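Here is a short tour for anyone about to load these coordinates into a viewer. We will begin with the fold, move through the sheet, and finish at the pocket.

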Amino acid sequence: MEGSAEGQTPLDLYVVRVERGGPWDWSRNLREQPGWDEHARFMNGLVDDGLIVLGGPVEGDREVVHVVHATSEDEIRRRFAEDNWAQNGMLTVKSIEAWTVLLAPDDVEVLIRRSS
């Protein structure tokens with residue numbers, strides 16, 4: 001990835017941490033939670049839209065981390081709030097941090113495909 005000193009625009013990436021809680025049933029795995037099919041369709045749609053670049057649970061199984069390509073924190077909060085698991089309290093956005101990527105292969109933009 002070429003630096004902005006050479007005229008490249010930095011990528012608008014964020015690291016989003018989401019926490020599981022509320023009515024989460026800890027005796028069941030992820031795919032056995034109520035509303036899984038709707039949640040999975042929603043999240044796959046965020047990937048298809050180019051909002052989520054990478055994502056998944058981290059060790060400990062209570063948090064999920066997403067790398068997100070967005071224009072603002074407000075856009076991220078608005079889109080994540082549409083998820084059925086956010087609406088029922090199973091997932092809560094814990095933090096959103098702008099991420100300045102300094103190290104990446106030259107073709108990293110291939111991962112970031114934004115629908116127009």
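Welcome to a predicted model. Along its sequence, the protein chain runs in the order β-α-β-β-α-α-β, which gives 3 helices and 4 strands. The chain has 116 residues, and 36% of them count as buried. Its accessible surface comes to about 7300 Å², with 48% of that area belonging to carbon and sulfur atoms. Take the contacts between residues at least 6 apart in sequence: 73% of them join residues at least 24 apart.

**The sheet**

The 4 strands form an open sheet in the order β2-β3-β1-β4, with antiparallel pairing. At its edges stand β2 (52-57) and β4, each with a single partner strand, so one side of each has no neighbour in the sheet. On average, neighbouring strands of this sheet are turned by 15° against each other, direction ignored. As a general reminder, strands of a sheet pair through backbone hydrogen bonds, either parallel or antiparallel.

The table lists the strand pairs with their bridge counts and one pair of opposite residues for each.

| Strand pair | Bridges | Opposite residues |
|---|---|---|
| β2 and β3, antiparallel | 5 bridges | Gly56 and Val65 |
| β1 and β3, antiparallel | 7 bridges | Val16 and His66 |
| β1 and β4, antiparallel | 8 bridges | Val18 and Val93 |

Val18 is a handy residue to select, since you can follow the sheet across it in both directions. Its bridge partner in β3 is Val64, while Val93 stands opposite Val18 in β4. Elsewhere along the pairing with β4, Tyr14 stands opposite Ala98.

**Strands β1 and β3**

How many of the 8 residues of strand β1 are buried? The count is 6 of the 8 in this strand, which spans residues 13-20, so β1 is largely enclosed by the rest of the structure. Strand β3 (residues 63-69) is mostly covered as well, with 7 of its 7 residues buried.

In a regular strand, side chains alternate between the two faces of the sheet. In β3, Glu63, Val65, Val67 and His69 point one way, whereas Val64, His66 and Val68 point the other way, and all of these residues are buried.

Glu63 deserves a closer look. This residue lies in strand β3. Is Glu63 buried or exposed? Its relative accessibility is 14%, and the cut-off for buried is under 20%, so Glu63 counts as buried. Leaving aside residues up to four places away in sequence, Glu63 touches Arg17, Val18, Pro57, Val58 and Lys94. Glu63 and Gly21 are 42 residues apart in sequence, and their C-alpha atoms are 9.4 Å apart in space.

**The β2-β3 hairpin**

The hairpin of β2 and β3 has 5 residues between the strands, and Gly60 takes a positive phi near 105° there. Asp61 lies in the loop between β2 and β3 too. The phi of Asp61 is near 65°, a positive value in a residue other than glycine. With a relative accessibility of 41%, Asp61 counts as partly exposed.

**His39 and the largest pocket**

His39 has its place in helix α1 (residues 36-48). This histidine is buried, with a relative accessible area of 7%. Not counting residues up to four places away in sequence, His39 touches Asp83, Asn84, Trp85 and Leu91.

That brings us to the largest pocket, which has a volume of about 500 Å³. Which residues that line the pocket are the closest to its centre? Of the 27 lining residues, they are His39, Met43, Val64, His66 and Leu91. Several of these names have come up already: Val64 and His66 point the same way from β3, and His39 touches Leu91.

The lining draws on many parts of the chain. At least two residues of it come from each of β1, α1, β2, β3, α2 (73-80), α3 (84-87) and β4.

If you want to retrace the tour, start at β3, which pairs with β1 over 7 bridges and with β2 over 5 bridges. From there, go on to His66, one of the residues closest to the centre of the largest pocket.

Key: Residues are numbered from 1 along each chain as its sequence is written. This is a predicted model: local features need pLDDT of at least 70, side-chain atom pairs count only at pLDDT 80 or more; totals for chains, interfaces and linings use all residues. Side-chain values use heavy atoms; hydrogens and water are left out. Buried means under 20% relative accessible area, exposed over 50%, partly exposed in between (1.4 Å probe, protein chains only). Contact means heavy atoms within 4.5 Å. Accessible areas come from the Shrake-Rupley method with a 1.4 Å probe; for residues, only the protein chains shown count as cover. Two strands pair if DSSP finds at least two bridges between them. Axes are lines fitted to C-alpha atoms, for helices over the stretch in contact, and angles run from 0 to 180 degrees between N-to-C directions. On a 1 Å grid over the protein atoms alone, a cavity is a set of points where a 1.4 Å probe fits but cannot get out, and a pocket is an open set with protein on both sides within 12 Å along at least five of seven lines; lining residues have an atom within 4 Å of a point. Grid points are joined across faces, edges and corners, and a volume is the space filled by probe spheres set on the points.
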